[in-house]
Amino acid sequence: MKLILPPGVSHARFDQALAAFARVVGREWVLASDEDRETYLDLYSPGRDDSHAASAAVAPASVEQVQALLKIANEYRIPLWPISRGKNFGYGGAAPRLPGTVMLDMGRMNRILEVNDQLGYCILEPGVGFFDLWEHLKANKIALQLGIPGNGWGSVVGNALERGFSPAGDHSNNICGLEIVLPNGEVVRTGMGAMGDGKAWPLFKHGFGPSWDQMVVQGNLAIVTKLCLWMKPADEAAISIEIKLPKPSDLQWCVEALAPLRLQGAIEGLVRLTSFQASVTVPTLRSQWHQGTDSIPDDVIAQMMQRMNVGWWNGPLRLAGFSDVCEANLKRVLDRLAKFTKQEFPVTRMRGDAQPGPTTYPLQMVNWYGGRGGHIGYSPVMPADPKLVQEQFERTRRRYQQFGLDYSGTFYLDGRAATNVNLILYSKDDEDQKQRVRQLFQALIKDAREQGYGEYRTHLSYMDDVAASYDYNHNALLKLNERVKDALDPNGIIAPGRNGIWPKAYRAHRGVL
Amino acid sequence: MTRWLLALALALPVAGWADELTAQQSAGQKAFAHRCGMCHREGGTGTFVLARRLGAAQSLLEQRTDLKPEYIRYVVRWGLMNMPRLSRVEVPETDMTDLVAYLTRPRPAAAP
Ligand SMILES: Cc1cc2nc3c(=O)[nH]c(=O)nc-3n(C[C@H](O)[C@H](O)[C@H](O)COP(=O)(O)OP(=O)(O)OC[C@H]3O[C@@H](n4cnc5c(N)ncnc54)[C@H](O)[C@@H]3O)c2cc1C
């Protein structure tokens with residue numbers, strides 16, 4: 001990738017800044033060749049690569065180095081975008097919002113500082129991957145559970161800072177204390193860590209006074225150098241209930257059946273209902289089923305469901321905990337389902353610690369169209385109300401059909417809210433299709449806004465649009481975020497444009513792609 | 001005693017065929033496990049997609065004898081179809097050299 005300089009920085013100044021970075025981290029860890037820049041592009045980008053191209057990357061090995069880099073970035077006005085492992089596929093990968101930004105690659109800071117099975121937490125540096133933590137748990141026979149995203153290749157810290165989630169729930173809810181470096185280089189520990197040797201840092205979330213952890217999540221006020229994360233002790237038993245519903249309209253009654261049980265606590269994790277498509281895109285190619293450029297028609301869907309042995313909507317539903325409690329809750333769930341359907345739901349009993357580890361297997365779903373592929377996720381949050389969920393699904397599917405794309409949706413119910421993750425798959429080499437993807441995305445943001453639903457997370461290219469849809473009192477919250485941003489980061493060096501939050505130095509770039 | 005003999009008998013042919021790795025190749029094997037294994041061993045997405053494109057026999061990189069150093073380097077840094085590009089932070093140059101040595105190591109001739 002050819003060099004795109006940070007806005008307003010001359011080539012000579014840029015080179016001086018890189019030389020100053022190199023004096024901190026060593027020349028080897030300033031990555032500024034065409035080949036280096038290539039490795040930080042968004043692999044799945046639905047638009048042009050240069051919309052989100054980094055000018056370089058720099059990789060610190062310690063908190064002190066992070067402090068020194070921030071000082072230089074302020075002096076030379078170089079924006080820095082932190083990534084932990086940078087595997088944020090579907091949302092921008094390892095790329096920045098603003099072209100010319102330097103990536104602050106935290107991958108070398110990858111120590112597992114503590115795992116405590118008595119009190120159920122770990123303290124991690126940003127570069128620790130799900131695979132690393134998993135192997136550590138197995139090698140040391142530590143009976144703690146880990147919430148693992150479908151793509152297991154990322155970092156535990158980066159994922160939590162994006163509010164990533166799994167059926168275990170929203171991973172950012174488990175953050176309990178951070179060590180952060182502010183734009184001026186000052187190191188702060190949040191919560192109980194604000195005390196010199198605060199013993200309850202990873203144990204009690206808030207400390208004394210306002211709570212800062214969530215100010216950093218999905219934000220751009222600081223660089224996280226340590227993160228304390230709660231982990232749940234392994235369960236005694238687990239029960240998997242196979243949910244396989246034959247019709248698109250079955251979603252409504254299933255939400256009506258299960259959401260109240262989740263709210264009352266009979267089901268502990270998120271209830272996940274996912275369309276047939278997810279089971280088809282991973283192991284097969286589209287051309288095995290359908291040649292047309294239209295959205296996959298119903299008769300082909302029927303064949304897919306039959307051949308892959310899946311329903312239109314699919315579970316499984318997992319109950320886990322003490323075995324007697326699981327058995328009691330199983331009866332509750334099956335009794336409740338029986339009020340709505342005569343269908344049987346096969347049940348499998350497992351040991352509670354038989355949690356599957358991280359995997360990269362689902363990544364090949366982007367191969368759906370055969371060649372170089374990509375996907376973006378469209379994920380609004382809405383009420384876990386049966387009728388509204390059914391309508392949301394139907395409206396979304398009609399939009400996919402309108403733009404000739406294959407519907408793939410999942411609803412995660414937490415009892416009150418439903419997070420509706422929709423995948424839009426495309427071929428990177430089909431410009432016409434990518435154009436339709438972008439149109440679909442804009443239509444979906446608009447539809448959601450009309451319903452009063454907003455996305456929980458989005459791709460770099462849509463951060464401004466989604467931020468704009470949070471529009472109460474003329475986007476008062478965004479304005480507040482930007483006032484805080486300007487106060488803490490007057491030169492706007494940390495992740496300008498992250499989640500639509502632009503510092504004054506770069507505000508003219510809002511909406512510019 | 002008999003158990004020991006049996007173990008020896010079982011171990012012998014394996015030892016005879018096993019790759020004897022140099023220090024560098026063995027460092028490369030470690031780097032492979034850490035940086036590539038999650039996609040390129042059993043159950044990984046690289047293995048699956050390569051099986052789809054080249055057939056099962058070519059799908060496990062560690063068993064391949066036809067990989068060229070320049071090709072490995074190029075694929076790792078520039079990606080290939082849906083293989084993501086890996087930066088010098090993820091795979092530092094020293095690891096890359098070791099990896100390449102491991103994946104392109106001379107293999108004993110196949111057993112008749
Ligand atoms: C097939 C597939 C399935 C997926 N399934 C899931 C899923 O089930 N759940 C899910 O949540 N995601 C899923 N994803 C999306 C994504 O791959 C994961 O969320 C992944 O964990 C994110 O990458 P990462 O952990 O390397 O985070 P990073 O890319 O390192 O970080 C993400 C962002 O957080 C911020 N950040 C990171 N580190 C720091 C730091 N040290 N200080 C300050 N800010 C920081 C930055 O803005 C960064 O861009 C899936 C993707 C694919 C392709």
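Buried area is the accessible area, taken with a 1.4 Å probe, that two parts lose on being put together, summed over both. The size of an interface is often given in this way, as the accessible area lost when the parts come together. The structure described here is a predicted model.

**Domains of chain A**

Chain A is divided into domain 1 (11-108), domain 2 (112-230), domain 3 (237-457) and domain 4 (465-491 + 499-509). Between domain 2 of chain A and domain 3 of chain A, about 1,500 Å² is buried, and carbon and sulfur atoms give 62% of that area. On the side of domain 2 of chain A, the residues A:W134, A:F165 and A:P167 supply 38% of the area buried against domain 3 of chain A, more than any other three residues. In this contact, 18 residues of domain 2 of chain A meet 17 residues of domain 3 of chain A. The centres of domain 2 and domain 3 of chain A, taken over C-alpha atoms, are 28 Å apart.

**The contact between chains**

Chain B and chain A also share an interface, to which chain B gives 23 residues and chain A gives 40 residues. Together the two chains bury about 2,700 Å², with 55% of it on carbon and sulfur atoms. Within chain B, the residues B:R85, B:R88 and B:V89 supply 27% of the area that chain B buries against chain A, more than any other three residues.

**The ligand and its surroundings**

The ligand is surrounded by 32 residues, of which A:S84, A:G150, A:N151, A:F165 and A:R457 are the closest. By type, the residues of this shell divide into 15 nonpolar, twelve polar and five charged. Three elements of chain A, namely β3 (80-83), α5 (156-161) and β12 (223-230), each supply at least two residues of the shell. Polar backbone atoms of chain A approach oxygen atoms of the ligand as listed below.

| Backbone partner | Ligand atom | Distance |
|---|---|---|
| A:S84, polar backbone atom | oxygen | 2.7 Å |
| A:G86, polar backbone atom | oxygen | 2.9 Å |
| A:N88, polar backbone atom | oxygen | 3.2 Å |

Taken alone, the ligand exposes 970 Å², and the protein buries 93% of that area.

**Backbone features**

Two features of the backbone of chain A may also be noted. The peptide bond from A:G315 to A:P316 is cis, with omega near 0°. A:P316 itself lies in the loop between β17 (313-314) and β18 (317-321) of chain A. A:N309 has a positive phi of about 55°, although A:N309 is not a glycine. This residue, A:N309, is found in the loop that runs between α9 (298-308) and β17 of chain A.

Conventions: Residues numbered from 1 in each chain as written. Chains lettered and ligands numbered in written order. Predicted model: local features only at pLDDT ≥ 70, side-chain atom pairs only at ≥ 80, totals over all residues. Heavy atoms only, no water. Near = heavy atom within 4 Å. Polar contact = N/O pair within 3.5 Å; in protein donor to acceptor, adjacent residues only side chain to side chain. Areas by Shrake-Rupley, 256 points an atom, 1.4 Å probe, with all protein chains shown as cover. Helix = DSSP H or I, 4+ residues; strand = E, 2+ residues; numbered from the N terminus. Nonpolar A, V, L, I, M, F, W, Y, C, P; charged D, E, K, R; others polar. Domains from an automatic or database assignment. Contact = heavy atoms within 4.5 Å.
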